[in-house]
Amino acid sequence: MMTSDDLYAILKPHVQNVSGQRLIIPARSNVPSPQGSYGAINVKSATGERGQANIVEKFNKVTNQVDTEIFPQVLISCEVEFFRDRAYEYASNLLQFGKHEHVQWDLNTHKIGVRGTSGVLDLSALQSSNYEERAKITIELWGSYSQKYSTNIITNVGINVLNEKGTLIQSTHVYGDTQP
């Protein structure tokens, strides 16, 4: 699965371009806030799953194993918050984020799609006796990744039949196909 840093690197230039705010930083970066207005992206603020995953199984003749690949369809929520001057305007510019063709094309190359956006929340309030403009919007994304694993196959089974005393009564083997 894509890391939070990877997703941030993909989203940042598009958030800058569409919102009009050039100064975008990662949320929770544990650094002092910049001077002036800025935005912060909290990638993967929530992650869920849509429906059941697609599963592909193939027999690998070389390793004599069954190779399985699972493709879950994930729902990813990314919060974008803007602070100080024009915060609400910058957030409002992202309402149609997924409609921009340059955003669609680039995200598709990373196997991501835009499901939509939330409404803009006005979070402006008094901060330390000073009014500070603040706004937030959530970008909802579709994503896909794969998980792979291999399973050994059973090609034969030995069967032993014992009585109550543990004495062997009969023994046999069942040989299966080399292909499941």
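# Report on a predicted protein model

Helices (H or I, at least four residues) and strands (E, at least two) are DSSP runs, numbered from the N terminus. By this definition Ala125 lies in strand 8, which covers residues 125-127. The structure is a predicted model, in which local features need pLDDT of at least 70 and side-chain atom pairs count only at pLDDT 80 or more, whereas totals for chains, interfaces and linings use all residues. Residues are numbered from 1 along each chain as its sequence is written, and side-chain values use heavy atoms, with hydrogens and water left out.

## Overall form

The protein contains three helices and 13 strands. Its radius of gyration is 27 Å, well over the 16 Å that the globule rule gives for 180 residues, so the protein is more spread out than a compact globule. The radius of gyration is taken over C-alpha atoms, and the globule rule is 2.2 Å times the number of residues to the power 0.38. Along the principal axes, the C-alpha atoms of the protein fill a box of roughly 90 × 40 × 25 Å.

The accessible surface of the protein comes to about 11,500 Å² (Shrake-Rupley method with a 1.4 Å probe; for residues, only the protein chains shown count as cover). Carbon and sulfur atoms account for 48% of this surface. Of the 180 residues, 31% are buried. Here buried means under 20% relative accessible area, exposed means over 50%, and partly exposed lies in between (1.4 Å probe, protein chains only).

Contact means heavy atoms within 4.5 Å. Among contacts between residues at least 6 apart in sequence, 63% join residues at least 24 apart. As for charge, the protein has 16 positive and 18 negative charges, and their mean positions are 2 Å apart. Lys and Arg count as positive and Asp and Glu as negative, while His and the chain ends are not counted; each charge is placed at NZ of Lys, CZ of Arg, CG of Asp or CD of Glu.

## Paired strands

Two strands pair if DSSP finds at least two bridges between them. Strand 1 (residues 24-26) pairs with strand 2 (residues 38-49) in the parallel sense, over three bridges. Strand 2 is also joined to strand 5 (residues 73-83), by nine bridges, and these two strands run antiparallel. In this second pairing, Ile41 stands opposite Val80 of strand 5.

Ile25 gives a detailed view of the first pairing. Ile25 belongs to strand 1 and stands opposite Ala40 in strand 2. Ile25 and Ala40 are 15 residues apart along the chain, and 4.8 Å separates their C-alpha atoms. Beyond its neighbours within four places in sequence, Ile25 is in contact with Tyr8, Pro34, Tyr38, Gly39, Ala40 and Ile41.

Another antiparallel pairing links strand 12 (residues 156-162) and strand 13 (residues 168-175) through seven bridges. Val157 faces its opposite residue, Val174, in strand 13. Strands 12 and 13 form a hairpin with five residues between them, and Gly166 in the turn has a positive phi of about 90°.

## Individual residues

The table gathers the location and relative accessibility of several residues.

| Residue | Location | Relative accessibility | Class |
|---|---|---|---|
| Ile25 | strand 1 | 18% | buried |
| Arg28 | loop between strand 1 and strand 2 | 71% | exposed |
| Asn108 | helix 3 | 48% | partly exposed |
| Lys111 | loop between helix 3 and strand 6 | 62% | exposed |
| Ala125 | strand 8 | 30% | partly exposed |
| Lys136 | strand 10 | 18% | buried |

Arg28 and Lys111 invite attention to the backbone. The phi of Arg28 is near 55°, a positive value in a residue other than glycine. Lys111 also has a positive phi while not being glycine, with a value near 60°. The loop that holds Lys111 runs between helix 3 (101-109) and strand 6 (112-117).

Lys136 sits in strand 10 (residues 134-144) and counts as buried at 18% relative accessibility. Leaving aside neighbours within four places in sequence, Lys136 is in contact with Glu79, Val80, Glu81, Gly119, Val120, Leu121 and Leu123. Val80 thus appears here as a contact of Lys136, and it also stands opposite Ile41 in the pairing of strand 2 with strand 5.

Ala125 touches Asn130, Tyr131 and Glu132, when residues up to four places away in sequence are not counted. Finally, Asn108 of helix 3 lies 56 residues along the chain from Gln52, and the C-alpha atoms of these two residues are separated by 21 Å.
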